[in-house]
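User: I have a structure open and would like to learn how to read it feature by feature. Could you guide me?

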Amino acid sequence: MDVKRRNFLRGLVSAAGVAGAGTASAQHVHEAPAQKPALHPAPPAAPVPPDKLGAGVVPVITPDLPDMPWRLEDGVKVFEIAAEHVRTEFLPGRVVDAWGFNGSVPGPTIQVNDGDRVRLIVENRLPEPFSMHWHGLEIPNDMDGSPGLTQDPIAPGGRFVYEFTLHQNGTFFYHSHMAMQEMMGMIGLFVIHPRRAHAPAVDRDYAIVMQEWAILPNNTIPNTLAMEFNWLTFNGKAGPATTPLLCKRGERVRIRFVNLGMDHHPIHLHGHQFAVTGSEGGRIRTTADEPANTVLVGVAQARDIEFVANNPGDWHLHCHLPHHMMNQMASMVGPLMTGGMRPGPMTGGMGIVTGGALGESAAPAFGRALGVGAEAERPMPNIPLGGQQPTLMQPARSTSGQGMYPGYPQDMFMAMDAAVAKPETFGLRPGWSGGTMGMMTIVRVLSAEMFDRIAELKVEQARQVRA
Ligand SMILES: [Cu+2]
């Protein structure tokens, strides 16, 4: 009997044993699944030591999110992952009670190599059952994390040890396999580096997780039952709090996108054409680049794009759905502004014929009574961060001189540069933050001098944080 066939039969016996045991522990020995070549195998190369990167590979940078720490035990990369409530901030002052991993929403980014053996010790600190799925990975069935189907859900306070060997490379992710927990934020990136870089190799490798949230004014808890969303985030931040992606002019840049939510996101880059080089299944191998500047990232999909940053300047990178380029969308609860521009108090107006937005007649239509904390609602201006008076707005006179200006108001422009300043925003044009909202960030194609200056500022900032 040849080796392949013997291994295949051994795999069958092992699978039967697991099913019979019906255990919530993964401490038994796992056999690899029957080995067929992956759909798009990595370029042939020797295995990379677990603490190194393959030739030409650069680490992935996930702006605004940490990397998942790990330790080596007998050649196995061990990760400890806690599923838990995380209090976070989408924007300065916009606090949100979400669920995530290890104090982070989305969870920290896992970076591993094709060929690594990994052990992922998952602890459930939620008050309800939980199960972790490894999205896109070809692993033994009992490691797949489908609650009920492949394992008992992890009870509150319990843990489950996932362990498998990786034979793929690309942009994958981990997430709760409980649907409503996904909408509380429970996702993180699982990047598997190839044994050597895909050609042409990139100089910078960035990753962005896209999420959407329905959070009513004065609430901090996402309404996971809602079908419309008023907060849109890249890596847990809404523009302009998203940290810009920096590169030097002439560099080849990869950006990986992952989408977990209820909507698809057409992601658009200004000033450049890119090629889509990867999907949630791994590297796309084509003989030609199909030029594009917008890529649709569907729910549960990943898309890698690559481009040469040859156009200097600061360029928006954003979802192009108009409602996904905004923050704190809640115009249904009152007129957009008061004082000469639009008559009436904040509790009336905007389509409300009788009563107030919070009253018996209107509130249910707006879903106002849903969710924990709804009873604590009070009238408030729906201008982001409140308090700022728009200076560019005019009294609403129609062109005919009678009544209101049709459709007014739609957009206002309010900058908050100082509130979101960080080394990566150094040198941006004053007012830049006024037009950067929701699923928006900035790709900065910099001179070498400016890039190095910002790198110095980051070192300085890190020193101040430590001091
Ligand atoms: Cu979108």
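User: Let me begin with Gly-103: how many C-beta neighbours does Gly-103 have inside 10 Å, and how is Gly-103 counted?

Analyst: Bear in mind that this is a predicted model. The general idea is to count neighbours: 20 or more other C-beta atoms within 10 Å make a residue buried, and 12 or fewer make it exposed. Gly-103 has 14 C-beta neighbours inside 10 Å, so Gly-103 counts as partly exposed. You will find Gly-103 in the loop between β3 (94-101) and β4. In space, its C-alpha is 10.0 Å from that of Pro-66, and the two residues are 37 apart in sequence.

User: Thanks! What share of the residues of the protein counts as buried?

Analyst: Of the 467 residues, 38% count as buried. The protein has three helices and 20 strands. As for contacts between residues at least 6 apart in sequence, 73% join residues at least 24 apart.

User: Now a strand. Which side chains of β5 point to one face and are buried, and which point to the other?

Analyst: The general idea first: side chains in a regular strand alternate between the two faces of the sheet. In β5 (residues 117-124), Val-118, Leu-120, Val-122 and Asn-124 point to one face and are buried. Arg-117, Arg-119, Ile-121 and Glu-123 point to the other face and are not buried.

User: Which strands are joined to β5 by bridges?

Analyst: Strand β2 (residues 76-91) runs parallel to β5, with seven bridges between them. Strand β7 (residues 159-165) is also joined to β5 by seven bridges, but here the sense is antiparallel. Leu-120 is a handy place to look: Leu-120 is the bridge partner of Phe-79, and Leu-120 also stands opposite Tyr-162 in β7.

User: How do I read a whole sheet? What is the order of the strands in the open sheet of four?

Analyst: Read across the sheet, strand by strand, and then look at the edges. The order here is β4-β9-β8-β6, and the pairing is mixed. The edges are β4 (107-113) and β6 (132-135), each pairing on one side only. From one strand to the next, the twist averages 20°. At the β4 edge, five bridges join β4 to β9 (residues 187-193), and these two run parallel. For a single pair to find on screen, take Val-112, which stands opposite Ile-192 in β9.

User: And what is the order in the open sheet of five strands?

Analyst: That order is β12-β20-β19-β14-β17, again with mixed pairing. Its edge strands are β12 (245-248) and β17 (294-297), both pairing on one side only. Neighbouring strands are turned by 20° against each other on average, with direction ignored. Inside the sheet, β19 (residues 313-319) pairs with β20 (residues 440-446) in the antiparallel sense over six bridges. His-318 stands opposite Met-440 in β20.

User: Which helix packs on that sheet, and which strands does it touch?

Analyst: Helix α3 (residues 448-466) packs there, touching β12 and β20. Its direction makes about 135° with that of β12.

User: How many of the residues of α3 are buried, and what does α3 reach from its first C-alpha to its last?

Analyst: Of its 19 residues, one is buried, and α3 is hardly covered. For the reach, the general idea is to compare it with the span expected at 1.5 Å a residue. α3 reaches 27 Å, close to the expected 27 Å.

Technical notes:
Residues numbered from 1 in each chain as written. Predicted model: local features only at pLDDT ≥ 70, side-chain atom pairs only at ≥ 80, totals over all residues. Pairing = 2+ DSSP bridges. Axes fitted to C-alpha atoms, helices over the stretch in contact; angles between N-to-C directions. Contact = placed C-beta atoms within 7 Å. Expected span 1.5 Å × (residues − 1).
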